[in-house]
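I opened the file today and kept notes as I went. The entries below follow the order in which I looked things up.

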Amino acid sequence: YFGVPELQIMKQLGFDAMAAGNHEFGYTPGVLNDVLSTAFADGAFPILSANLDMNGFPDLKNWITPYTIKTIEGVHVGIFGMTVPGDPMAMPDPVVIRDDLVPVATQTVADMKNAGADVIILLSHLGSLYDQQIASSVAGINFIVGGHDHFLFEQPLSVPNPGGTQTLIFQAGE
């Protein structure tokens, strides 16, 4: 069912957001668009990726956005996603998964701050090495919730960032 039931369950559970990962592009953007259209026919939660160039398949822009801002107990929480580039199993064409991750993350953080975000979370489907690179290179990210390589961090990894604070990286395994 290409993930339709899972997406519908996630919506019913009240997910705040989901990062688009390499598996979402396992069967081309057309199939992904059909899956999202079917799963979210009556509304959606945000599917996020800031490093996708969807100009070659603009219908996906109806479903995937760079970021969202949620207000939780008065705090404006900016959440953005990123998708791992260069996965040989993914078939994103004509969507381009950009590999200039640090500039994309830097611009997205600035956009969210300008939109009023107090706290910034990166939902990463990049893998822990990219997560650490972004954490150490981009100011303003408070937390990275990582995936792709399925590591289990018993304690968050604390990485100094250029803003003079720490970015905490979490992964929950599979």
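My notes on helices, strands, salt bridges and backbone angles follow. I am working from a predicted model.

**Entry 1: helix α1**

I began with α1, which covers residues 4-13. Which of its residues are buried? I noted V4, L7 and M10. I then looked down the axis of α1: the buried residues fall within an arc of 125°, so they line one face of the helix. On the other side of α1, I found Q12 and L13 exposed.

Next I asked what covers the buried residues of α1. The cover includes β1 (18-19) and α2 (28-39). I also checked what comes after the helix. G14 follows α1, and its phi is positive, near 85°.

**Entry 2: the parallel sheet**

I turned to β1 again, this time for its pairing. It belongs to an open sheet of 3 strands, in the order β1-β2-β4, with parallel pairing. Which strands are at the edges? They are β1 and β4 (64-65), and each pairs on one side only.

I looked into the contact between β1 and β2 as well. Strand β2 is residues 47-48, and 2 bridges join it to β1 in the parallel sense. Across this pairing, M18 stands opposite I47 of β2.

**Entry 3: two hairpins**

I took β5 and β6 first. Strand β5 runs over residues 67-72 and strand β6 over residues 75-83. They pair in the antiparallel sense, with 6 bridges. I72 has V75 in β6 as its bridge partner. The two strands form a hairpin with 2 residues between them.

E73 sits in that turn, and its phi is positive, about 50°. I flagged this residue since it is not a glycine. Is E73 buried or exposed? Its relative accessibility is 81%, so it counts as exposed.

I then went to β10 and β11. Strand β10 is residues 157-160, strand β11 is residues 166-171, and they run antiparallel with 4 bridges. I noted V159 opposite T167 in β11. This hairpin has 5 residues between its strands. In its turn, G164 has a positive phi of about 85°.

I add one general reminder for reading these strands: side chains in a regular strand alternate between the two faces of the sheet.

**Entry 4: salt bridges**

How many salt bridges does the structure hold? I count 2.

One pairs D42 with K11, and the closest N and O atoms are 3.2 Å apart. This pair links distant parts of the chain: D42 is in the loop between α2 and β2, K11 is in helix α1, and 31 residues separate them. I checked accessibility at both ends. D42 has a relative accessible area of 65%, so I list it as exposed. K11 is at 28% relative accessibility and counts as partly exposed.

The side chains of D100 and R98 also meet in a salt bridge, at 2.6 Å from N to O. D100 is partly exposed, at 27% relative accessibility. R98 is partly exposed too, at 34%.

**Entry 5: the loop between β6 and β7**

I stopped at this loop for two items. The first is M91, which lies in the loop between β6 and β7 (96-97). Which residues make up the nonpolar surface patch that includes M91? They are F2, Y27 and M91, with about 360 Å² of accessible area together. I looked up M91 separately: its relative accessibility is 40%, so it counts as partly exposed.

The second item is a peptide bond. D93 and P94 are joined by a cis peptide bond, with omega about 15°. P94 is found in this loop between β6 and β7.

**Entry 6: H148**

My last stop was H148. Where is H148 placed? It is in the loop between β9 (143-146) and β10. I read a phi near 85° there, a positive value in a residue other than glycine. H148 has a relative accessible area of 26%, so I log it as partly exposed.

Note on methods: Residues are numbered from 1 along each chain as its sequence is written. This is a predicted model: local features need pLDDT of at least 70, side-chain atom pairs count only at pLDDT 80 or more; totals for chains, interfaces and linings use all residues. Side-chain values use heavy atoms; hydrogens and water are left out. Buried means under 20% relative accessible area, exposed over 50%, partly exposed in between (1.4 Å probe, protein chains only). The arc is that of the directions from the helix axis to the C-beta atoms. Contact means heavy atoms within 4.5 Å. Two strands pair if DSSP finds at least two bridges between them. Patches are made of residues with over 30% relative accessible area and no salt bridge: like charges are joined within 9 Å, nonpolar side chains (Val, Leu, Ile, Met, Phe, Trp, Tyr) within 5 Å. Accessible areas come from the Shrake-Rupley method with a 1.4 Å probe; for residues, only the protein chains shown count as cover. A salt bridge is a side-chain nitrogen of Lys or Arg within 4 Å of a carboxyl oxygen of Asp or Glu.
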